[in-house]
Amino acid sequence: MRKYAIVTAAALVVGMISPAFAECDVRKADEDKQAKCAEKCDDEYISRKMNYGANQAEVAANKKACDAACGCPQNSKDL
């Protein structure tokens, strides 16, 4: 019985914590202001990255700064 209580408590904690990490998901931009901000950062990054003469280091730095301003620095960790 004690094992079930521990597993249930762990599942509840994971269930409560996981929505906190979903706020920067750009697919939820219709319902979340932070996600809308992150979506704008992604749109700008993609459009500037496709520009032939763009300085790619500057484009990546701007994306990181924009994500940090939105409160979503994890969105640009792989740049």
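1. Let's start with cysteine 37. In this predicted model, cysteine 37 is partly exposed, with a relative accessible area of 29%. Its partner is cysteine 70: the two form a disulfide, and their sulfur atoms sit 1.7 Å apart. Cysteine 70 has a relative accessibility of 10%, so this end of the link counts as buried, the cut-off being under 20%.

2. What does this link tie together? Cysteine 37 belongs to helix H2 and cysteine 70 to helix H3, so the disulfide joins parts that are 33 residues apart in sequence. If you look along the S-S bond, you'll find an angle of -65°, which makes the link of cysteine 37 and cysteine 70 left-handed.

3. How many disulfides does the structure hold? There are two. Besides the pair just described, cysteine 41 and cysteine 66 form a disulfide, with 1.9 Å between their sulfur atoms. Here, too, distant parts of the chain are linked: cysteine 41 is in helix H2 and cysteine 66 in helix H3, 25 residues apart. The angle about the S-S bond is -75° for cysteine 41 and cysteine 66, and that link is left-handed.

4. Is cysteine 41 buried or exposed? Its relative accessibility is 2%, so cysteine 41 counts as buried. Cysteine 66, at the other end of that link, is partly exposed, with a relative accessible area of 24%.

5. Now for the empty space inside. The count comes to one cavity of 30 Å³ or more, and the largest cavity has a volume of about 50 Å³. Which elements give two or more residues to its lining? They are helix H2 (33-49) and H3. The lining is made up of Cys41, Glu44, Tyr45, Arg48, Val59, Asn62, Lys63 and Cys66, so you can spot both cysteines of one disulfide in that list. Sorted by type, the lining residues divide into four nonpolar, one polar and three charged.

6. Lysine 63, one of the lining residues, deserves a closer look. You'll find lysine 63 in helix H3. With 5% relative accessibility, lysine 63 counts as buried, because buried means under 20%. Which residues is it in contact with? Leaving aside neighbours within four places in sequence, lysine 63 is in contact with Cys41, Asp42, Tyr45, Asn75, Ser76 and Leu79. Among them, Cys41 and Tyr45 also line the largest cavity.

7. Arginine 48 is another residue of that lining, and its place is in helix H2. Arginine 48 has a relative accessible area of 27%, so it is partly exposed. Not counting residues up to four places away in sequence, arginine 48 touches Ala54, Glu58, Val59 and Asn62. Take the glutamate: arginine 48 and glutamate 58 are 10 residues apart in sequence, and 9.8 Å separates them in space, C-alpha to C-alpha.

8. Finally, how far can you trust all this? The protein has a mean pLDDT of 79, and 72% of its residues reach 70 or more. Where is confidence lowest, and where is it highest? The lowest is helix H1 (residues 2-21), at a mean of 55, while helix H3 (residues 56-70) is the highest, at 93. Where pLDDT is low, the predicted coordinates should not be read in detail. When you go back to the picture, keep that in mind for helix H1, with its mean of 55.

Key:
Residues are numbered from 1 along each chain as its sequence is written. This is a predicted model: local features need pLDDT of at least 70, side-chain atom pairs count only at pLDDT 80 or more; totals for chains, interfaces and linings use all residues. Side-chain values use heavy atoms; hydrogens and water are left out. pLDDT is the predictor's confidence in each residue, from 0 to 100. Helices (H or I, at least four residues) and strands (E, at least two) are DSSP runs, numbered from the N terminus. Buried means under 20% relative accessible area, exposed over 50%, partly exposed in between (1.4 Å probe, protein chains only). Contact means heavy atoms within 4.5 Å. On a 1 Å grid over the protein atoms alone, a cavity is a set of points where a 1.4 Å probe fits but cannot get out, and a pocket is an open set with protein on both sides within 12 Å along at least five of seven lines; lining residues have an atom within 4 Å of a point. Grid points are joined across faces, edges and corners, and a volume is the space filled by probe spheres set on the points. Ala, Val, Leu, Ile, Met, Phe, Trp, Tyr, Cys and Pro count as nonpolar, Asp, Glu, Lys and Arg as charged, and the others, Gly among them, as polar. A disulfide is a pair of cysteine sulfur atoms within 2.5 Å.
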